[in-house]
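Please examine the sequence and the three-dimensional structure shown below. The paragraphs that follow proceed from the chain as a whole to particular elements and residues.

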Amino acid sequence: MKKDYMARLERAARWRLPPQEAEDVIADYRDIVSDPPRTEEELRREVGDPEQVIKLLVSSPRAYRIWQAAFAVMAACILMLGISPTGIGYPIWRFFFDVWTEYPLGPVLAVLGAATALVWFRRQDQKKERPPKAIRILLAVFLVYIGGILLFCLANTLDYEGFCAMLGTMEPLIGPKNAVSRSMYLCELTMIYTCPLIALVGLLGLVKARTGDRRWAAVYVLALTAILTALLVLHLATSPIVPEIAEDRAKRMLVRCSVTVVIGLIGSGVSLC
């Protein structure tokens with residue numbers, strides 16, 4: 001029971017307090033909790049509820065409010081991008097991708113979220129000798145996802161006419177109701193369901209970067225990269241079709257996605273350092 005009490009206290013301390021201050025408080029309370037041994041009910045009665053104890057120890061409410069604001073910005077950026085291709089997020093899609101047909105505003109959200117994460121978490125030094133295994137697994141999954149999108153773009157570019165004719169045509173799920181290839185439709189369907197899931201994993205990365213190893217920020221940055229890459233493909237795929245420039249549009253899709261991935265990989269690498 002004491003273990004449960006300390007686990008809650010550690011989470012609250014690392015969420016509300018600056019890293020070094022949080023570790024000092026946790027060390028002090030480990031001694032308080034362990035001597036003499038008590039049940040969780042006794043600890044709650046004698047020491048207090050873990051969340052309330054930490055709340056009273058916040059020495060700089062302004063610093064905590066700044067963290068809350070930074071977290072709100074980063075969370076809003078990835079969640080807005082993640083839900084934008086879905087039915088409930090269609091107004092977001094309309095503004096950030098569909099209204100500005102040639103130059104979508106979606107990358108602005110991704111850059112804002114990634115830049116905030118890099119600046120914020122690079123100031124902290126809470127990290128272990130090696131990144132947690134979960135970070136490496138999630139980064140590998142995102143790299144495979146991004147690689148699949150790039151291969152899709154490359155195939156589209158190398159054989160645009162054949163690729164678009166593959167398996168007949170269907171109406172897209174979002175954007176103008178132009179006929180698209182069945183392969184493009186299936187790609188769109190996959191991205192619509194995966195983007196919200198990736199956004200939730202990125203949000204988890206934010207929380208873990210604050211309460212654990214700061215290198216979890218790399219998961220957030222690469223999640224943003226994966227979502228933005230998918231949305232750039234959707235944006236170009238669902239834009240009005242002009243046959244004369246269709247092949248050029250396919251090449252533009254590949255270039256934009258490649259640049260996005262390179263920038264995202266650099267940001268993730270910086271987060272891991």
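Among contacts in the chain between residues at least 6 apart in sequence, what percentage join residues at least 24 apart? In this predicted model, the share is 75%. The contacts counted here thus exclude pairs fewer than 6 places apart in sequence.

The secondary structure of the chain consists of 12 helices and 2 strands. Followed along the sequence, these elements are arranged as α-α-α-α-α-α-α-α-α-β-β-α-α-α. The chain has 273 residues, and 45% of them count as buried. Its accessible surface amounts to about 13800 Å², and carbon and sulfur atoms account for 65% of that area.

Helix 8 offers a suitable place to look more closely. This helix covers residues 133–158 and contains 26 residues. From its first C-alpha to its last it reaches 37 Å, close to the 38 Å expected at 1.5 Å a residue. A number of its residues are buried, including Ile 135, Leu 139, Phe 142, Tyr 145, Ile 146 and Ile 149. Further along helix 8, Phe 152, Cys 153, Asn 156 and Thr 157 are buried as well. An α-helix has 3.6 residues a turn, so residues three or four places apart point the same way.

Attention may now turn to Val 219, which belongs to helix 11 (residues 217–237). Is Val 219 buried or exposed? Val 219 is buried, because its relative accessible area is 0%, and the cut-off for burial is under 20%. Leaving aside residues up to four places away in sequence, Val 219 touches Ile 135, Leu 138, Leu 139, Phe 142 and Val 201. Of these partners, Ile 135, Leu 139 and Phe 142 are among the buried residues of helix 8. Val 219 and Gly 205 are 14 residues apart along the chain, and their C-alpha atoms are separated by 5.6 Å.

The final topic is the space enclosed within the protein. How many cavities of 30 Å³ or more does a search of the whole structure find? The search finds 1, and the volume of the largest cavity is about 30 Å³. Its lining is formed by Ala 117, Leu 118, Phe 121, Arg 122, Arg 214, Ala 217 and Ser 271. Helix 7 (residues 106–122) gives the most to this lining, with 4 residues. By character, the lining residues of the largest cavity comprise 4 nonpolar, 1 polar and 2 charged.

Methods. Residues numbered from 1 in each chain as written. Predicted model: local features only at pLDDT ≥ 70, side-chain atom pairs only at ≥ 80, totals over all residues. Heavy atoms only, no water. 1 Å grid on protein atoms, 1.4 Å probe; cavity = no way out; pocket = protein on both sides within 12 Å on 5 of 7 lines; lining within 4 Å. Points joined across faces, edges and corners; volume = space filled by probe spheres on them. Nonpolar A, V, L, I, M, F, W, Y, C, P; charged D, E, K, R; others polar. Buried < 20%, exposed > 50% of the residue type's maximum accessible area, 1.4 Å probe, protein only. Contact = heavy atoms within 4.5 Å. Areas by Shrake-Rupley, 256 points an atom, 1.4 Å probe, with all protein chains shown as cover. Expected span 1.5 Å × (residues − 1).
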